[in-house]
Amino acid sequence: MTQEAHTHTGGIGTAALTALVYATWACVFAWLLDAGRYTAFLQPSLWPLLVGGLLLCVALGSAALRQRDLTAAHAADSTQRWLSALILLVPLAYLVPASNADLGSYAFGKRDLGGSIVPQASSLQTPTTPPDFDGSEPVSLLDLVYSAASLEGKTVHTEGKVFLTEDVREGHFQLYRFVVVCCAADAQPVSVLVKTADLDKVKDDTWVQTRGTLRNVNQDGQDLVIVDATRLRTIDMPPPRDQFLFQPLW
Amino acid sequence: MSSANNPPGSPPAPPTNTAAVATQTAFLVVAVGYVLLAPNRAQLQTVSIMFVSIVLEAIPFMLLGALVGGFIEVFVPRKWVARALPKRRWLMVLAAGLLGILFPVCECAVIPVVRRLLRKGVPLGAAVAYLLAAPIVNPVVTLSTATAYSFAWPVVLGRMAFGYAIAVTIGLAMEQIFRRGEGALVPGIEAPEEDCCTHGATPATLRTKIGAALGHAADEFLDIGRYLVMGAFLAGLLQTIVPRQGFTLLADTPFLAILAMMGLAVVLNLCSESDAFVAASFRGAGLPLSAQMAFMVLGPMFDIKLLAMYHGVFRRKAILVLTGLILSLVFMAMMLFEVLL
């Protein structure tokens, strides 16, 4: 094969490789947008980001294919092009374990700032819990901890994941969820303590619904929200796309 | 490689760097090996979620930045840039630090844009000022910071002011240290002698130019995207294994709290639109405002992911100098802030 033909062939191969990377990512974006799978990683309102990513991948992949004659120079550096392409596909290998999992007790243990912390109210949006809330409707854990002061003594109904720790008071466990602003990387836990006689029925990362009376206590200078559970039952793990509670950016 | 094979306006393909190839190959082996062989499944799942979420949020912005860069390459002649810029370099740097107000970009999208601006003859100092300031000094981050801190405007304005001041100071310093760009940039970033698509007797049509711009963008993203992925992987790993509880023990020692929150900013790799919410969450743990501010100012300028992406713009010496300047200036500014509070 002449040098010119080799270069031309290399150019076509390089263009096809580049286009393949873009095509793959376009398919990934489309798959994530389908059925809202992306909310396992991103704030729901960020869907335009993925739509834009998909369209750009299609446009740039098409441009890469049309450029096949112009990429002759890059054929001379095909090793780097192949490495770049493979590296750009690495995240897809991690999409498999990520898509079938949620952030659990391992992540909670690393991110929790200690005890049953009520997040600073100003860092979270005012929840939608109405002032005349009577406990008949389930409330998200985010709303619960934010409105804890106004729910003192009321019956509340919420759900979350179980975290059992050695230093939690006897008969209590932490009920937690993760709150996301932009993406899972900024996920912060919110939690309450649940007091129950059925502690032996739950284990770490079990999803439970609980109903009980809410009370606020201050222990060693730390605000704690405690739910004295009258009912506790395990529920099915929601799909990963429903695992987070979302805090709007503004 | 003969110049006849080099597409007009494209940076010349650099000679294969053995060290870079080895590093990237090692990354592939480690990354693929970890997903296949990780012993701790819970850790793997957490790393996966963190890594994928960082990449998913960043890639669309990087694609957009590459697209903008491609159009700058084709449609913005160097003489326009030279005419538009102030003649005095220090004034150029001061103005560049405010460009994020008009052209807001996140820290991922700004890299490909800055690469193209450098190739159009924008001086190093101005490019660095824009690179560091734009992800902070922009309307989107202003609003998200205000929301996170309940519209406490002194905090918001403080973040903007510190971000701007540090960015232009570093821009001016880089301009002086590298004698106006010499030896600071990776091969192919230096301004070429002629603009893209201006060669030849027949002027390029609009359609041809758009195609060329998209082609440049496609190559740009392929080149710079690898740094994002490598940085995001390391960020996901560190995010997963570094516990945050320890930071609450530093609340009474501002000096250590500032250093710790700077370290956390480097590890967490959050986008500048959401990092204020994480910073604000440490108020409940009693961390001083200076430490929270350090987190919000440093993160958009320097973290693991950005350090990886800087390798697509700067040579190693310039990265070392840039890193040293960013870390030292942020620390000194926050210590001064703590004293003044």
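Trainee: What pattern does chain A follow when you read along the sequence?

Mentor: Keep in mind that we're looking at a predicted model. Chain A goes α-α-α-α-α-α-β-β-β-β-β-β. That fits the tally of six helices and six strands in chain A.

Trainee: And what makes up chain B, in helices and strands?

Mentor: Chain B has 15 helices and zero strands.

Trainee: How do you know how much of each chain is buried?

Mentor: A residue is called buried if its relative accessible area is under 20%. By that cut-off, 54% of the 250 residues of chain A count as buried. For chain B, with its 341 residues, the figure is 58%.

Trainee: Why is strand E3 of chain A called mostly covered?

Mentor: E3(A) spans residues 188-195, and seven of those eight residues are buried. Each of the seven falls under 20% relative accessible area, so "mostly covered" is a fair label for the strand.

Trainee: What makes E2(A) and E3(A) a pair?

Mentor: Pairing takes at least two bridges. Strand E2 (residues 172-180) of chain A is joined to E3(A) by eight bridges, so the two count as paired. They run antiparallel, and Phe178(A) stands opposite Pro189(A) of E3(A).

Trainee: And how do you know that E5(A) pairs with E3(A)?

Mentor: Try the cut-off again: three bridges join E3(A) to strand E5 (residues 222-234) of chain A, and two would be enough, so this is a pair as well. Here the strands run parallel. If you want a spot to click on, Leu193(A) has Ile226(A) in E5(A) as its bridge partner.

Trainee: Now the contact between the chains. How many residues does it take from each chain?

Mentor: Chain A puts in 70 residues and chain B 74. To be in contact, heavy atoms must lie within 4.5 Å. The area buried between chain A and chain B is about 6300 Å², with 72% of it from carbon and sulfur atoms. On chain A's side, Tyr94(A), Tyr106(A) and Leu113(A) supply 12% of the area buried against chain B, more than any other three residues.

Trainee: Why give the size as an area?

Mentor: The accessible area lost when the parts come together is often used to give the size of an interface.

Trainee: Why is the second largest cavity called a cavity?

Mentor: A cavity is space where a 1.4 Å probe fits but cannot get out, and this one holds about 110 Å³, so it also clears the 30 Å³ cut-off used in the count. That count comes to four cavities. Residues lining the second largest cavity include Cys183(A), Glu57(B), Cys106(B) and Lys305(B). H2(B) has the largest share of the lining, with four residues. By class, the lining has eight nonpolar, one polar and three charged residues.

Trainee: And what makes the second largest pocket a pocket, with its space of about 820 Å³?

Mentor: A pocket is an open set of points, whereas a probe cannot get out of a cavity. The second largest pocket has 37 lining residues, and those closest to its centre are Phe103(B), Pro104(B), Val105(B), Val113(B) and Tyr130(B).

Trainee: How do you know that both chains have a helix in its lining?

Mentor: Helix H2 (47-66) of chain A supplies at least two residues of the pocket lining, and so do several chain B helices, among them H3 (78-84) and H7 (124-133). H2(B) gives the most, six residues.

Trainee: What classes do the lining residues fall into?

Mentor: For the second largest pocket they split into 32 nonpolar, three polar and two charged.

Note on methods: Residues are numbered from 1 along each chain as its sequence is written. Chains are lettered from A and ligands numbered from 1 in the order in which they are written. This is a predicted model: local features need pLDDT of at least 70, side-chain atom pairs count only at pLDDT 80 or more; totals for chains, interfaces and linings use all residues. Side-chain values use heavy atoms; hydrogens and water are left out. Buried means under 20% relative accessible area, exposed over 50%, partly exposed in between (1.4 Å probe, protein chains only). On a 1 Å grid over the protein atoms alone, a cavity is a set of points where a 1.4 Å probe fits but cannot get out, and a pocket is an open set with protein on both sides within 12 Å along at least five of seven lines; lining residues have an atom within 4 Å of a point. Ala, Val, Leu, Ile, Met, Phe, Trp, Tyr, Cys and Pro count as nonpolar, Asp, Glu, Lys and Arg as charged, and the others, Gly among them, as polar. Grid points are joined across faces, edges and corners, and a volume is the space filled by probe spheres set on the points. Buried area is the accessible area (1.4 Å probe) that two parts lose on being put together, summed over both.
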